[in-house]
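Please find below a short note on one stretch of the chain, set out as numbered points. It is meant to be read with the model open.

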Amino acid sequence: MLPAAPFCAGLRLRLAFRRSPGGHQGGAPHRKAGPRAPGQAQRMFPSLCGTCTVLLVLVALAMVAMADQEEMHCDLVGDQSKESKREQALLKKLEPLSNMSFDSNVSSSPEEKYTYKFRVCREVNSSLSQSGLVQINLKDQKHTVVGRINETQVFSGSDWIMLIYKGGDSYGSHCHGEKRKAMIMISCNRKTLSSGFTLLSEEREKEQECLYLFEMDSSLACPPEDSHLSVGSILLITFASLVAVYIIGGFLYQRLVVGAKGMEQFPHFTFWQDLGNLMADGCDFICRSKPQNAPAAYRGVGDDQLGEESEERDDHLLPM
């Protein structure tokens with residue numbers, strides 16, 4: 001891509017040549033142009049240069065976008081035509097993590113201090129081809145590729161996803177010099193999108209199948225939450241919503257359209273009042289065990305209930 005300043009300078013020279021008396025082509029007589037206002041050409045050149053600069057910026061942005069599209073992605077082990085649909089679905093599920101970078105610092109001894117850098121289906125370092133997980137020795141800044149994204153495997157369980165990068169740099173004196181392999185266990189944690197990237201262990205004392213085992217938490221590994229609402233709960237919520245709409249809508253209609261005041265603003269107030277009275281009468285009729293005309297269990301002691309006393313009630317006590 002040409003720098004903006006030289007490109008615009010060349011364009012100015014070309015335009016100046018075309019406008020000069022000797023700049024015509026084919027030997028045709030050149031008609032003398034009329035006098036120009038001072039500074040007219042000078043005002044034209046900055047505008048042309050600004051247009052060129054804008055075009056060059058747009059071209060640069062387009063090139064950056066194309067570079068982003070060409071960024072490396074995970075390539076599953078095996079022929080592309082025979083890749084597992086389940087593995088492809090799991091990789092698509094992990095796509096929200098692809099724009100993140102994860103670091104973990106490990107110190108096994110004062111002389112062995114490492115930093116592990118990990119990305120999901122993206123290169124950690126473009127200078128390290130296909131590097132999905134890289135080990136950095138903090139002592140000498142040596143970079144070692146633990147796993148590459150072009151040899152990816154992935155599988156899952158009920159609440160976890162296992163991402164495997166194979167094809168890392170070969171071991172030196174361990175594991176018969178086989179290539180390194182990284183296994184990242186992504187466990188379910190609904191409270192975070194990604195956290196807790198740590199190294200669990202490094203198995204390098206075996207003769208073969210050595211590996212680095214990492215773990216991290218992510219809500220992407222969680223199964224879909226089942227709805228805990230029963231049919232009755234759904235019906236109850238629907239009924240409550242309809243009642244709320246009826247009351248609020250009826251109240252607004254009675255107040256704004258009819259012009260009702262007080263309790264009359266309640267929709268169908270007379271109907272509900274009569275219904276309440278009927279229900280009260282029915283409850284009184286069904287729930288009371290004694291007849292309504294039965295005498296009371298006790299009487300008052302008022303003078304009106306004592307009646308008149310007989311004058312001869314003590315006559316039998318008098319002497320003859």
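The points below cover strand pairing and then one residue; the model is predicted.

1. Strand β3 covers residues 131-137 and strand β4 covers residues 142-156. The two run antiparallel and are joined by six bridges. Within this pairing, glutamine 135 has threonine 144 of β4 as its bridge partner.

2. The hairpin of β3 and β4 has four residues between the strands. In that hairpin, glutamine 141 adopts a positive phi near 60°. The backbone at glutamine 141 can be checked against this value.

3. On β4 there is a further pairing, with strand β5, residues 160-167. This pairing is also in the antiparallel sense, and seven bridges hold the count here. Arginine 148 is matched with lysine 166 in β5 as its bridge partner. Three residues lie between β4 and β5, which form a hairpin.

4. Is threonine 144 buried or exposed? This residue, placed in strand β4, has a relative accessibility of 8%. Because buried means under 20% relative accessible area, threonine 144 counts as buried.

5. Which residues does threonine 144 touch, leaving aside those up to four places away in sequence? They are Leu133, Val134, Gln135, Asp169 and Arg180. Of these, Gln135 is also the bridge partner described in point 1.

6. Serine 170 lies 26 residues from threonine 144 in sequence. In space, the C-alpha to C-alpha distance between threonine 144 and serine 170 is 9.2 Å.

Notes. Residues are numbered from 1 along each chain as its sequence is written. This is a predicted model: local features need pLDDT of at least 70, side-chain atom pairs count only at pLDDT 80 or more; totals for chains, interfaces and linings use all residues. Side-chain values use heavy atoms; hydrogens and water are left out. Two strands pair if DSSP finds at least two bridges between them. Buried means under 20% relative accessible area, exposed over 50%, partly exposed in between (1.4 Å probe, protein chains only). Contact means heavy atoms within 4.5 Å.
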